[in-house]
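Got your viewer open? Here is a short walk through one model, stop by stop, with something to select at each.

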Amino acid sequence: MIIFDLVCEYDHSFEGWFKNNDEFKSQQSSGLLTCPVCDSENVVKVPSATNINLGKQKETIETTNKKHISPQQQQIALAQQVSQFIAKNFDDVGEKFSETAKKIHYGEEAERNIRGTATEEQTKELIEEGIEVLPIAIKKDSKPN
Ligand SMILES: [Zn+2]
């Protein structure tokens, strides 16, 4: 079954259902195909302008989508921004993180944002002492112990 967009000589457009293209042609030539509005036998297939337009639209949509950043790329970009922010605004104290955090907490050192490494135990200890710690996992090449 195929559907054709048809139009009569008076510009009435309608749909015609046919078994195949041959059936459409035979109905058209034998005068069986008439306009449902004016009964004109002068019915032709609408030039496939609709299909051409749709094709162009599809192309436009696909092109637009390519410019969009995927959620994965957004996540990567966000992670990069976060690590850049930390690198810029946090003083790297390395393995002295726990020690320095305590010193800052007890006013022995100037208050500032610090970053560094701490063991799970050290982190727990800091939290127990009421020191604000935000554990961020940053992937590094694992060193053998
Ligand atoms: Zn008509």
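Start on the surface: select Met1, Ile3 and Trp17, which form a nonpolar patch with about 400 Å² of accessible area together. Patches here are built from residues with over 30% relative accessible area and no salt bridge, where like charges are joined within 9 Å and nonpolar side chains (Val, Leu, Ile, Met, Phe, Trp, Tyr) within 5 Å. Accessible areas come from the Shrake-Rupley method with a 1.4 Å probe, and for residues only the protein chains shown count as cover.

A word on what you are looking at: this is a predicted model, local features need pLDDT of at least 70, side-chain atom pairs count only at pLDDT 80 or more, and totals for chains, interfaces and linings use all residues. Residues are numbered from 1 along each chain as its sequence is written, and side-chain values use heavy atoms, with hydrogens and water left out.

**Stop 1: the hairpin**

Keep Trp17 selected and show the cartoon. Tryptophan 17 lies in strand β2 and counts as exposed, at 54% relative accessibility. (Buried means under 20% relative accessible area, exposed over 50%, and partly exposed in between, with a 1.4 Å probe and protein chains only. Helices, H or I with at least four residues, and strands, E with at least two, are DSSP runs numbered from the N terminus.)

Now select all of β2, residues 13–18. Which residues are on its covered face, and which on the uncovered one? Phe14, Gly16 and Phe18 sit on the covered face, while Ser13, Glu15 and Trp17 are on the uncovered one. In a regular strand the side chains alternate between the two faces of the sheet.

Add β1, residues 2–8, which pairs with β2 in the antiparallel sense over six bridges; two strands pair if DSSP finds at least two bridges between them. Valine 7 stands opposite serine 13 in β2. Follow the chain round the hairpin: four residues separate β1 and β2, and aspartate 11 in the turn has a positive phi of about 70°.

**Stop 2: the cores**

Next, select Phe4, Leu6, Cys8, Phe14, Phe18, Phe24, Leu33, Cys35 and Val43 as sticks: these nine residues make up the largest nonpolar core. The elements that give two or more residues to this core are β1 and β2, and β1 gives the most, with three residues. A nonpolar core is a set of buried Ala, Val, Leu, Ile, Met, Phe, Trp, Tyr and Cys residues joined through side-chain atoms within 4.5 Å.

Centre on leucine 33. Leaving aside its neighbours within four places in sequence, leucine 33 is in contact (heavy atoms within 4.5 Å) with Leu6, Phe18, Phe24, Gln27, Gln28, Ser40, Glu41 and Val43. There is also a second, separate core of eight residues, including Val93, Ala101, Ile114 and Val133.

From Val133, move to threonine 123, which is in helix α5 (residues 120–128). Is threonine 123 buried or exposed? Threonine 123 is buried, with a relative accessible area of 14%. Apart from neighbours within four places in sequence, threonine 123 contacts Ala118, Val133 and Pro135.

**Stop 3: the salt bridges**

Time to show charged side chains. A salt bridge is a side-chain nitrogen of Lys or Arg within 4 Å of a carboxyl oxygen of Asp or Glu; by this rule the count comes to six.

- Pick arginine 115 and aspartate 92, whose closest N and O atoms are 3.8 Å apart. Arginine 115 lies in strand β5 (residues 114–116) and aspartate 92 in strand β4 (residues 91–94), so the pair ties together parts that are 23 residues apart in sequence.
- Pick lysine 103 and glutamate 99, a salt bridge at 3.6 Å, N to O. The two are four residues apart in helix α4 (residues 97–105), so about one helical turn separates them.
- Pick glutamate 129 and lysine 102, at 3.8 Å between the closest N and O atoms. Glutamate 129 lies in the segment after α5 and lysine 102 in helix α4, so this pair links parts that are 27 residues apart in sequence.

Finish the charges with Asp91, Glu109 and Arg112, which are joined into one network by salt bridges that share partners.

**Last stop: zoom out**

Colour by secondary structure. You should find five helices and five strands, in the order β-β-α-β-α-α-β-α-β-α along the sequence. Of the 145 residues, 17% count as buried. Switch on the surface to end: the accessible surface comes to about 12100 Å², and 51% of that belongs to carbon and sulfur atoms.
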